[in-house]
Each structure stands twice: as C-alpha cells, then as structure tokens.
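Thanks for coming. I will go through one structure today, starting with a single residue and then stepping back to the whole chain.

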Amino acid sequence: GNITIEPSLLDGMSYPVTLAFALQKLQALGFVQKEGPLSLIVIGAAEKTEERLLLKTNYFHDLPWLLPQNQIRLVLVGPEITQASHNAAPQTSSTPNGGRMESSCVRGTFGDY
C-alpha cells in the first residue's frame, strides 16, 4: 500500500520530547517530585496531533522510561478530541524498568475537565 506522510506525524516526537525535557528541568529544580503519582495535563490537545500520537504511536509511552519512579497520569484535554476517545477507558502501559503510565482524553476545555 501507499504510505501517506502527514506533517502532524512528521513532527510527532517534538511533543513528548518537549514534555520530557520540561519534566527533567522541573525535577532538577525540585518542582516535580522524584517518586509517586504525577499528573500531566495537556491543555488544548487536538485530534490530529496529540490524540493521534497517543493512540497511533508509542511516542508518549517513552515518558515512563524517563520517570520510572513516578506513576504518570497523562490527560489530553481539548475541544477537538474525538467523542470516541473522550468516552474510552484510560489506557495503561508499563516499562521493564518499572515505569507506569495511564493516559486518557477529555473532549472539552480545562474547565470541563
């Protein structure tokens, strides 16, 4: 079959890599705890970028490798999130180094969340 290249997926790694970089810096400064639960809320998430990267790739699933002592809860919030993802049960993933992440999508604004 033909491979369709879309700009939103070409730059896909920039979203989780930027988040990982920010988390490392915040953790070094003491703003992010080094173990325990950690909630990450992406505000303004869109279907064609963040939601698609979460559901169709493993890009965001590298976050537990970075913070294996944290139980990460990743929530994508935005009015462009699909209704199907909004109604779906949270996804869970784990890494061999002990990292765990639960991810979900919320259709609406941060206030709706």
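Start at Thr82. Setting aside residues up to four places away in sequence, Thr82 touches Glu47, Glu51 and Arg107. Please keep in mind that this is a predicted model.

Where does Thr82 lie? It is in the loop between β2, residues 70-78, and α5, residues 83-87. Is Thr82 buried or exposed? Its relative accessibility is 19%, and buried means under 20%, so Thr82 counts as buried.

Two of the residues that Thr82 touches are Glu47 and Glu51, which brings us to helix α3, residues 47-56. Which residues of α3 are buried? They are Thr49, Glu50, Glu51, Leu53 and Leu54. These cover an arc of only 160° around the axis, so they sit on the same side of α3. As background, an α-helix has 3.6 residues a turn, so residues three or four places apart point the same way. The face of α3 turned away from the buried side carries the exposed residues Lys48 and Lys56.

Next, the loop after α3. Phe60 lies between α3 and α4, the latter being residues 63-66. With a relative accessible area of 2%, Phe60 is buried. What is Phe60 in contact with, leaving aside its neighbours within four places in sequence? From α3, the partners include Glu50, Leu53 and Leu54, and those three are among the buried residues of that helix. The other contacts of Phe60 are Tyr15, Pro16, Leu19, Leu74 and Met101. For a sense of distance, Phe60 and Val17 are 43 residues apart in sequence, and their C-alpha atoms are 8.5 Å apart in space.

One of those partners, Leu19, is in helix α2. Not counting residues up to four places away in sequence, Leu19 touches Leu40, Phe60, Leu63 and Leu74. Leu19 and Thr57 are 38 residues apart in sequence, with 16 Å between their C-alpha atoms.

Helix α2, residues 14-28, also holds Leu23. Leu23 counts as buried, at 4% relative accessibility. With the same exclusion of residues up to four places away, Leu23 touches Val32, Leu38, Leu40, Leu63 and Leu67. Leu40 and Leu63 are therefore names you have heard already, as both are touched by Leu19 and by Leu23. From C-alpha to C-alpha, Leu23 and Asn58 are 18 Å apart, and in sequence they are 35 residues apart.

Now the whole chain. How many helices and strands are there? The protein has five helices and four strands. From the N terminus on, the order is α-α-β-α-α-β-α-β-β. The radius of gyration is 14 Å, close to the 13 Å that the globule rule gives for 113 residues, so the protein is as compact as a globular protein of that length. Along the principal axes, the C-alpha atoms fill a box of roughly 40 × 35 × 25 Å.

Of the 113 residues, 38% count as buried. Among contacts in the protein with a separation of 6 or more, 77% come from residues 24 or more positions apart.

Last, the surface and the charges. The protein exposes about 6,900 Å², and carbon and sulfur atoms supply 55% of that area. There are 8 positive and 10 negative charges, and the mean positions of the two sets are 4 Å apart.

To go back to the start, Thr82 is a buried residue in the loop between β2 and α5. That is the end of my part.

Methods. Residues are numbered from 1 along each chain as its sequence is written. This is a predicted model: local features need pLDDT of at least 70, side-chain atom pairs count only at pLDDT 80 or more; totals for chains, interfaces and linings use all residues. Side-chain values use heavy atoms; hydrogens and water are left out. Helices (H or I, at least four residues) and strands (E, at least two) are DSSP runs, numbered from the N terminus. The radius of gyration is taken over C-alpha atoms; the globule rule is 2.2 Å times the number of residues to the power 0.38. Buried means under 20% relative accessible area, exposed over 50%, partly exposed in between (1.4 Å probe, protein chains only). Contact means heavy atoms within 4.5 Å. Accessible areas come from the Shrake-Rupley method with a 1.4 Å probe; for residues, only the protein chains shown count as cover. Lys and Arg count as positive and Asp and Glu as negative; His and the chain ends are not counted. The place of a charge is taken as NZ of Lys, CZ of Arg, CG of Asp or CD of Glu. The arc is that of the directions from the helix axis to the C-beta atoms.
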